[in-house]
Amino acid sequence: MFSLYKYELKKIFSQKYFTIAFLVLYAFVMAVSVTPMITGSINSIKPKQEISNRLLDDSLFEEFYSNREDDKYHDVNDFIKYCTNSEKFDDLSANEIYGKRLEQLSREFKTDNLNEGEIKYWLEKENELNKPFVYQADDAYSEIYEVVYVINFVVLVLVALAITGIFADEKATGADQILLSSKYGRNKLFTAKVLSSLTVGFIITTVMYASIVGINLFIYGSDGFDAGLQIHMPTCLYSISIGTSVLIMYGQLLLASLVYVCFSLLLSIATNNHPASSGIMIVMMFLSMFNIPAKYRVISQIWDTIPSGHIGSWSLKKYQLIKVFGTYFNSLEYTTIIWPLMAIIFIVIAKMLYNKYQVEGR
């Protein structure tokens, strides 16, 4: 079994077009990550450290109003801009700014078409947040959010290229009959293909994400792990730190890759056509970029469960909930349940088709 697993793994990594695509897309992701160095925005890191660990209160706001052009107040400016929903604002007190933040939150609740139960759920989360918020320079982690959605798409593309041919290529070359007549049997062969494919998905995701985290920590330093999400996303209502959210994003990317791999396996055996299967994956990626308005409640939430359009900083501000047996689940919770279920369903269907194909192919 292990020998078969190694063979399938080697076969996937030996695909030249996959290797080329991986290197090109890896270079692209890294280039996106170092953009702040090229644009010069990295120069604001040290100035920001001067006001790190201070409360976002009247004292800090008054300093900012007197020095609006100073780089060290860049995040403070963005915080007020977001709360006021305006590019230009007067010298507001802390109470006024936090009040406008609540007004902005109400507008977002309305936009997302929330019901009373959902609003109550999120207002309880709001009450759990400690205010005034504490400002911390957290560039190493906030910059990751500028790239995480890119990694998601890159993982999908690479998985599509690597995995969709795992059954289809054998059919095209006629190697399937040789493999099916081997001593390992259909079940072991299928299992080896699934395990090797999952390994590839894990490796792609981990290498991409670890590289991004590593380069950001190298450039910006590790300070700010405990910074609240509200510094950059004032209406985010999760009481977790930005560092924790970066770890959660990694978990979500792994679950997304699980879905991509299992769906690729299904397409490979269902179509027996490598290019067609890859094409379907890419088309679905582009389709997931379209946003269905929240007023179409059911369709919007179903569409939102597609991993390729879900992962990004915006996922931390999705307010629509799913209610099961009287209990509400937010998007971070229900995707953790739904995505593995989707993967299992894809694998079960793929196994059924594979068994049927084996019989018909003899």
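This report describes the fold, core, surface, salt bridges and some backbone details of one protein chain.

**Overall build**

The structure is a predicted model. The protein chain contains 17 helices and four strands. Along the principal axes, its C-alpha atoms fill a box of roughly 80 × 45 × 30 Å. The chain has 362 residues, and buried residues make up 48% of them. Its accessible surface comes to about 17,400 Å², with 62% of that area belonging to carbon and sulfur atoms. If one takes the contacts between residues at least 6 apart in sequence, 79% of them join residues at least 24 apart.

**The nonpolar core**

In soluble globular proteins, nonpolar side chains tend to be buried together. In this model, the largest nonpolar core has 103 residues, and Leu56 and Phe61 touch the most other members. Helix H14 (residues 242-271) supplies the largest share of this core, with 15 residues. What does Phe61 contact once its neighbours within four places in sequence are left aside? The list is Leu56, Val76, Phe79, Ile80, Ala94, Ile97 and Tyr98. Leu56 therefore appears both as a contact of Phe61 and, beside Phe61, as one of the two core residues that touch the most other members.

**A buried serine**

Ser196 belongs to helix H13 (residues 185-220). Is Ser196 buried or exposed? Its relative accessibility is 0%, so Ser196 counts as buried. Apart from neighbours within four places in sequence, Ser196 is in contact with Tyr5, Glu8, Leu9, Ile12 and Ile166. By contrast, Glu108 is 88 residues from Ser196 along the chain, and the C-alpha atoms of the two are separated by 43 Å.

**A nonpolar patch on the surface**

Ile337, Leu341, Ile344, Val348 and Met352 make a nonpolar surface patch of about 490 Å². One of these residues, Ile344, lies in helix H17 (residues 331-361). With a relative accessible area of 52%, Ile344 is exposed, because exposed means over 50%.

**Two sides of helix H16**

An α-helix has 3.6 residues a turn, so residues three or four places apart point the same way. Helix H16 has residues of both kinds, buried and exposed. Arg297, Ser300, Gln301 and Asp304 are buried in H16. These residues cover an arc of only 95° around the axis, which means they sit on the same side of H16. Val298, Ile299 and Ile302 are exposed on the other side of H16.

**Salt bridges**

The count of salt bridges comes to 13. Three of the pairs are set out below.

| Salt bridge | Closest N to O |
|---|---|
| Lys72 and Glu50 | 3.2 Å |
| Glu87 and Lys81 | 3.6 Å |
| Asp304 and Lys318 | 2.9 Å |

The salt bridge between Lys72 and Glu50 links distant parts of the chain, the two residues being 22 residues apart. Lys72 is in the loop between helix H5 (58-66) and helix H6 (74-84), while Glu50 is in the loop between helix H4 (45-49) and strand S1 (54-55). Lys72 counts as buried at 15% relative accessibility, whereas Glu50 is exposed, with a relative accessible area of 54%.

In the pair of Glu87 and Lys81, Glu87 counts as exposed at 63% relative accessibility, and Lys81 counts as partly exposed at 23%.

The side chains of Asp304 and Lys318 also meet in a salt bridge. Asp304 lies in helix H16 (residues 297-304) and Lys318 in the loop between H16 and strand S3 (322-324), so this pair ties together parts that are 14 residues apart in sequence. Asp304 is buried, with a relative accessible area of 14%, and Lys318 counts as buried at 18%. Elsewhere, salt bridges that share partners join Glu8, Lys11 and Lys193 into one network.

**Backbone details**

Where is Pro132 found? Pro132 is in the loop between helix H8 (116-128) and strand S2 (134-135). The peptide bond that joins Lys131 and Pro132 is cis, with omega about 0°.

Two asparagines have a positive phi although neither is a glycine. Asn53 has a phi of about 70° and is placed in the loop between H4 and S1. Asn53 is exposed, with a relative accessible area of 55%. Asn272 has a phi of about 55° and lies in the loop between H14 and helix H15 (274-287). Asn272 counts as partly exposed, at 25% relative accessibility.

Technical notes
Residues are numbered from 1 along each chain as its sequence is written. Side-chain values use heavy atoms; hydrogens and water are left out. Patches are made of residues with over 30% relative accessible area and no salt bridge: like charges are joined within 9 Å, nonpolar side chains (Val, Leu, Ile, Met, Phe, Trp, Tyr) within 5 Å. Accessible areas come from the Shrake-Rupley method with a 1.4 Å probe; for residues, only the protein chains shown count as cover. A salt bridge is a side-chain nitrogen of Lys or Arg within 4 Å of a carboxyl oxygen of Asp or Glu. Buried means under 20% relative accessible area, exposed over 50%, partly exposed in between (1.4 Å probe, protein chains only). A nonpolar core is a set of buried Ala, Val, Leu, Ile, Met, Phe, Trp, Tyr and Cys residues joined through side-chain atoms within 4.5 Å. Contact means heavy atoms within 4.5 Å. The arc is that of the directions from the helix axis to the C-beta atoms.
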